[in-house]
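Colleague: I am new to this structure and would like to learn how to read it one feature at a time. Could we look at it together?

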Amino acid sequence: MVSLRFILTVAVFASSVKALCGPKGQRKAWHTLSDNEKDEYIQAELCVMGLAPRVGLPGCRNVFDELQSNHQLQAAYTHFVGAFLPYHRYLMHAHEQIMRTECGYTGFQPYWDEPLDAGHFSSSIIFDPVHGFGGDGRESDGCITDGPFANYTNALGPGYLITDHCIDRNISDSASEFSDQSQVDKCYEYDTWEEAWPCIEALPHNGGHSGVGLEMANPISSPGDPIFYLHHTWLDKVWWDWQAKDLPSRLKAMGGTNVQTSNGTFAPNVPGYNGTTPHDGKCGSLDSCPGDPGNITTLSHVLSSLGVVPDVTILDVMDIGSDYLCYEYV
Ligand SMILES: [Cu+2]
């Protein structure tokens, strides 16, 4: 006779296979990947660009567009707010999981170790035309002309627009100085979340976006350049490295406001947002977001990708080694 204990053991094992974090995903720096690993990542991104859309978000022709769209539609309450880094951690994970489960990618989301290239982005190996993302935009219109994404037609952007256009760049070595380790170190000097997160958003975050330029420099539509995912995964590592300086207390360090406010009035300061531009409305009232009725961002705040992957809470993404995320930076 099969004992009850055996049945319970099997049941617990089955649920642990599904839910518990086993060996952690290894997120590596792009420059440490072999050419084969780089090629596999790029092939997986091209695959995401070919996956049929599943949610019906405006203008989207594939899943890459849908990830860009949910950043576009939620830009006004995922930047310059407490949820900035949690939302982008969730978005990076969604991108990584789609690559792995739907495109057969066997690696994990790599990051761009930007301090290595700060001040000289234009000579970074990340812009390699064969084993990289292609180079700078051309003089006439900024369109990239080489690399695996040169022929990709973006469906969304710039900003809130829905227009067909190329992926464009205007690399600036001077703007890329914000990605220097000295800038990151300034942020590590802050002990509170309310000081550290705005520093990360203002300095290293700015370095990658404005150092690459054009689409990447657009605060609404920047996920239209695939390099976005390597930039924000590096920022995620910056956040994690800050958290890891004081564990476990920084697994609970959250705060800031839910929406961008000015004198208590909903006043998005994302360029291009004028109160009537497309917006999914989730956090559109004065100061509340789903799961978070006050104007202070808490761990119960709901993060949404508008149906591309299931919603989670900020608590679910505070620890990169949690059952939900289950990765580490190496
Ligand atoms: Cu963003």
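Colleague: Which are the buried residues of helix α6 (residues 193-202)?

Modeller: Please keep in mind that this is a predicted model. A residue is called buried when its relative accessible area is under 20%, and in helix α6 the residues that meet this description are Trp193, Ala196, Trp197, Cys199, Ile200 and Glu201. The cover over these buried residues includes α4, α5 (181-188), α7 (204-212) and α8 (228-243).

Colleague: At what angle do α4 and α6 pack, and how far apart are their axes?

Modeller: The angle between α4 and α6 is about 60°, and their axes lie 10 Å apart. Angles of 65 to 115 degrees count as roughly perpendicular, and the value here therefore makes α4 oblique to α6.

Colleague: Which residues of α4 and α6 meet?

Modeller: On the α4 side they are Phe84, Leu85 and Pro86, which meet Trp193, Trp197, Ile200 and Glu201 of α6. Sorted by class, this contact holds 6 nonpolar residues and 1 charged residue, with no polar ones.

Colleague: Why is α7 described as largely enclosed by the rest of the structure?

Modeller: One compares the buried residues with the length of the helix, and in α7 7 of the 9 residues are buried, so this helix is largely enclosed by the rest of the structure. The buried residues are Pro204, His205, Gly207, Gly208, His209, Gly211 and Val212, and what covers them includes α4, α5, α6 and α8. Just after α7 comes Gly213, whose phi is positive, at about 85°.

Colleague: Which residues are the protein donors of the copper ion, and how are they spaced in sequence?

Modeller: For a metal site, one looks at the donor atoms and then at their places along the chain. Here the copper ion has the NE2 atoms of His71, His79 and His88 as its protein donors, at 2.0 to 2.1 Å, and the spacing of these donor residues in sequence is H-x7-H-x8-H. Of these, His71 in helix α3 (residues 63-73) and His88 in helix α4 (residues 84-102) form a pair that links distant parts of the chain, 17 residues apart.

Colleague: Are His71 and His88 buried or exposed?

Modeller: Both His71 and His88 are buried.

Colleague: What does UniProt list for residues 225-236?

Modeller: An annotation is best read beside the model. The unreviewed UniProt entry lists residues 225-236 as "domain: Tyrosinase copper-binding", and in the model that stretch is 75% helix and 0% strand, with its end C-alpha atoms 18 Å apart.

Methods:
Residues are numbered from 1 along each chain as its sequence is written. This is a predicted model: local features need pLDDT of at least 70, side-chain atom pairs count only at pLDDT 80 or more; totals for chains, interfaces and linings use all residues. Side-chain values use heavy atoms; hydrogens and water are left out. Donors are N, O and S atoms within 2.8 Å of the metal (3.2 Å for Na, K and Ca); water is not among the atoms, so sites may look incomplete. Helices (H or I, at least four residues) and strands (E, at least two) are DSSP runs, numbered from the N terminus. Buried means under 20% relative accessible area, exposed over 50%, partly exposed in between (1.4 Å probe, protein chains only). Contact means heavy atoms within 4.5 Å. UniProt positions are given in the numbering used here, feature names are shortened, and annotations may be inferred rather than shown by experiment. Axes are lines fitted to C-alpha atoms, for helices over the stretch in contact, and angles run from 0 to 180 degrees between N-to-C directions. Angles under 35 degrees count as roughly parallel, over 145 as roughly antiparallel, 65 to 115 as roughly perpendicular and the rest as oblique. Ala, Val, Leu, Ile, Met, Phe, Trp, Tyr, Cys and Pro count as nonpolar, Asp, Glu, Lys and Arg as charged, and the others, Gly among them, as polar.
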